[in-house]
Structure formats: C-alpha cells, structure tokens
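Colleague: I should like to learn how to read a protein model, one feature after another. May we work through an example together?

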Amino acid sequence: MARKPVQIGRGAESVTVQQLLPPSTDRISLVMAPAADRPGYWGTPTSTLDWCEENYVVSYYIAEFSVGIGSWSFHMTLQYEMQLLDELPMIYSCCIFVYCLYECFKQEHAVNLFSVILLLTFSVIVSVIYLIWKEPVFHQVMYAILVTFLVFRSVYIVTWVYPWLKALGFTSLSVFLLGFVLWNIDNMMCDSLRSARDILPPVVGAVTQLHAWWHILTGLGSYLHILLSLQIRSTYLKHRPKVQFLCGVWPMLHIESQKDS
Ligand SMILES: CCCCCCCC/C=C\CCCCCCCC(=O)N[C@@H](CO)[C@H](O)/C=C/CCCCCCCCCCCCC
Ligand SMILES: [Ca+2]
Ligand SMILES: [Zn+2]
C-alpha cells in the first residue's frame, strides 16, 4: 500500500515528523539517506493516502506532481477533500463506461432504466460508505470490481462479436494492466525507489516515479477503452467507424457523416 502520513497528534494541531526537524536536517537527509518528505504550503497531509513520491521536494506549493484536475488537486495538496475529488469520479466514470459497454447492442435512444438505477445506487452507496469509512482499500476494491466488469465484457465482445477489434481491446487492457503493475511496485518498493532516486541523476530519477507512470498508462488505457466502446457502438449502429492515426501515432475514431453513406 501507499504510505499513510506519519503524524504526531491529531487534527489541526498535528505535525509530521519532518516538521519537527530543523530545516538543515532535511538537507542532510538528502545526502545521507533516502530523500524525505518536506513541509509545504498545504500543511500536514490529511489524505488517507500519501504516495511514494517525496512531498514538496520540487516546489513548496506542490506536494506531488501529477495529472488531471482531480488527481492534480489531490497530489498538489494531499488534503482529504481533494483525495475525494480524485477517487470518487473514478467510480462514477467507470459506472458510465460499464453502462455504455453493457448496453451497446440496444437500439438508438433506448434507455435501460434498471441498469441506470442499479449503477446510480451503486455509486451512491459506495460514496456514502467511503465518506464514513475512510478506508482506501474499500475504494480500490470497488473500482477494481467495475474495471473487472469492463474487462470481461470487452473480452467477450472482441472474441465473439467483433473479432477485428481484438488488437484495440487487448492493447487497451495491456496498457491499463501494466499501469496497475507499476502502481503496485511503487507502493511495495517505495523505500528502494526513494534510495535509488538519491543516487540517480534527477532526470533519470524522475522516470522512477512509478505512480506518475500509473497515471500516464491508465490515462492511455482508458482512452483506448473509450475508443473501443465508440467503435463497438458505432459499428452496431452501422456508422462505419474507422480508427485513424493523427500524425501517424495518435489513434482517433473517424465516423463518416450520415449523408456520405
Ligand atoms: C479492457 C480495458 C479496461 C480498461 C478500463 C478502463 C476503465 C476506465 C475507468 C475510469 C477512468 C478513470 C481512471 C483515472 C484514474 C485517475 C485517478 C487515480 O489514479 N487516482 C489514484 C490516486 O491519484 C487512486 O488513488 C488510485 C487508485 C488505484 C486503484 C487501483 C485499482 C485497481 C485496478 C484493478 C484492475 C483489475 C483488473 C482485473 C482484470 C481481470
Ligand atoms: Ca508522497
Ligand atoms: Zn495519483
């Protein structure tokens, strides 16, 4: 698991071990031992998770560099409210993707009220439980369940319905799973990674921020998964979708306008 903030005391009066040390200790520790967290603008972390990336080492205002508005606010501040902005939308967006992929072979404009209510209820229950029981593993398991539903449905569709979409489906899955592997290594081998960063040149050290790779790879994997969902749905609706590569590298979906058909 990611490290939980080491805290002395509770609430507003609490301080981290690092804050009790004189500023010079911080600098010495950079040479003598794995780089340590520093105090920063946003105060003591109140989030229930604190990732392996050393806090406030690059900027006094940013605890951890990251991506996306919710994730960026969480990593920048390590405040509990911002953590919710990062984590709860994962559940909501994943529920939307589950709905799309399980309802993709329905007529245009059809709405399955039962699925909508089921997924809405799931989202509300997960949110309420997570607001009361601040256990990150609970959120992670709920998210993993939703991703597993997506994986099984995608594998079914690319195996039995549209086999020509196998490459896209399995690329999306592999990229996402590679991100998950790196996320686990970052959590389990944090001390070794921090020690390595102490002796590596800064640019090489930055590449060992595996949580950042998790964000890059899940971002890419999710993008490819959305592309796959769009392909499936528009193929079903006979819109003749085609994956085209912007500048020869970036995959995008091209759908011919209705009057061309
Ligand atoms: C067939 C391909 C499947 C791809 C699925 C794509 C699903 C996309 C769904 C939502 C997109 C949002 C993802 C962005 C997440 C950004 C937020 C984030 O990473 N926050 C972290 C902190 O910054 C957060 O705390 C991390 C939580 C990690 C939870 C780990 C979940 C485990 C995933 C399990 C995968 C199981 C695969 C099972 C295969 C059978
Ligand atoms: Ca950290
Ligand atoms: Zn993150």
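**Reading the strands, a loop and a ligand shell**

Modeller: Let us begin with strand pairing in this predicted model. β3 and strand β4 (residues 250-255) pair in the antiparallel sense, over six bridges.

Colleague: Which residue stands opposite Pro-251 in β4?

Modeller: That residue is Phe-245. The strands β3 and β4 form a hairpin with three residues between them, and in this hairpin Cys-247 takes a positive phi near 55°.

Colleague: How many of the six residues of β3 are buried?

Modeller: The count is zero, and β3 is thus described as hardly covered.

Colleague: Where does Lys-238 lie, and is Lys-238 buried or exposed?

Modeller: Lys-238 is found in the loop between α10 (210-236) and β3 (241-246). To judge exposure, one counts C-beta neighbours inside 10 Å; a residue with 12 or fewer is exposed. Lys-238 counts as exposed because it has 8 such neighbours. The C-alpha atoms of Lys-238 and Glu-53 are separated by 47 Å, and these residues are 185 apart along the chain.

Colleague: Which residues come nearest to ligand 1?

Modeller: Of the 25 residues around ligand 1, the nearest are Ala-144, Ser-154, Leu-173, Ser-222 and His-225. Two or more residues of this shell come from each of α3 (69-77), α4 (80-102), α6 (136-161), α7 (166-188) and α10.

Colleague: Which element gives the most to the shell around ligand 1?

Modeller: That element is α6, with eight residues. Sorted by class, the shell around ligand 1 holds twelve nonpolar, eleven polar and two charged residues.

Technical notes:
Residues are numbered from 1 along each chain as its sequence is written. Chains are lettered from A and ligands numbered from 1 in the order in which they are written. This is a predicted model: local features need pLDDT of at least 70, side-chain atom pairs count only at pLDDT 80 or more; totals for chains, interfaces and linings use all residues. Helices (H or I, at least four residues) and strands (E, at least two) are DSSP runs, numbered from the N terminus. A residue is buried if 20 or more other C-beta atoms lie within 10 Å of its own, exposed if 12 or fewer, and partly exposed in between; C-beta atoms are placed from the backbone. A residue is near a molecule or strand if its C-beta atom, placed from the backbone, lies within 6 Å of it. Ala, Val, Leu, Ile, Met, Phe, Trp, Tyr, Cys and Pro count as nonpolar, Asp, Glu, Lys and Arg as charged, and the others, Gly among them, as polar. Two strands pair if DSSP finds at least two bridges between them.
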